[in-house]
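Welcome, and thanks for taking a look at this chain with me. Let us go from its overall build to its side-chain contacts.

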Amino acid sequence: MALHSAGAVREKKQTMAELKLRRLTELNARLREDLERPRVKVSEACHSMIAYTRNTKDFMVPSTWGQVDKREDPYAPITSGPSCCIIC
């Protein structure tokens, strides 16, 4: 049975400690980045979302915005001119 020398065991413990220190340092750096990220209060985000939905027409909800002119509707099927996908 082979016994490990005291130096090999000490070296392995030191390597494990260095690995643990590196992982903690990386985690600390990620957490600092999270702290530095700009934040928006929930109430401000909600007000912004409400303003956007009130001011931006949604063509998929005609009951709210009324009938949409075909020239303005990006979802309207294209009916003018020949199409390469239509087989006669």
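Accessible areas here come from the Shrake-Rupley method with a 1.4 Å probe. On that basis, the chain exposes about 9,100 Å², and carbon and sulfur atoms supply 59% of this area. Please keep in mind that you are looking at a predicted model.

**Overall build and confidence**

How many helices and strands does the chain have? There are three helices and zero strands, so that the order of elements from the N terminus on reads α-α-α. Of the 88 residues, 2% count as buried. The average pLDDT of the chain is 81, and 80% of the residues score at least 70. Among the elements, helix α2 (residues 42-55) has the highest mean pLDDT, 93, while helix α3 (residues 62-65) has the lowest, 76.

**Salt bridges**

Searching the whole structure turns up two salt bridges. Here they are side by side:

| Salt bridge | Closest N to O distance |
|---|---|
| Arg22 with Glu26 | 3.6 Å |
| Asp34 with Arg37 | 3.1 Å |

Both pairs fit the cut-off, because a salt bridge asks for a side-chain nitrogen of Lys or Arg within 4 Å of a carboxyl oxygen of Asp or Glu.

Where do Arg22 and Glu26 sit relative to each other in helix α1? They are four residues apart in this helix, which spans residues 6-36, and therefore about one helical turn separates them. Arg22 is partly exposed, at 49% relative accessibility, and its partner Glu26 is partly exposed too, with a relative accessible area of 40%.

Now for the other pair, Asp34 and Arg37, whose side chains meet in a salt bridge. Asp34 has a relative accessible area of 31%, which means that this residue counts as partly exposed. Arg37, with 45% relative accessibility, is likewise partly exposed. The reasoning behind these labels is simple: buried means under 20% relative accessible area and exposed means over 50%, so values in between count as partly exposed.

**A nonpolar patch**

Which residues make the nonpolar surface patch of about 270 Å²? Leu24, Leu27 and Leu31 make it. One of them, Leu31, has its place in helix α1. This leucine, Leu31, is partly exposed at 46% relative accessibility; it can join a patch because patches are made of residues with over 30% relative accessible area and no salt bridge.

Definitions and conventions: Residues are numbered from 1 along each chain as its sequence is written. Side-chain values use heavy atoms; hydrogens and water are left out. Helices (H or I, at least four residues) and strands (E, at least two) are DSSP runs, numbered from the N terminus. Buried means under 20% relative accessible area, exposed over 50%, partly exposed in between (1.4 Å probe, protein chains only). Patches are made of residues with over 30% relative accessible area and no salt bridge: like charges are joined within 9 Å, nonpolar side chains (Val, Leu, Ile, Met, Phe, Trp, Tyr) within 5 Å. pLDDT is the predictor's confidence in each residue, from 0 to 100.
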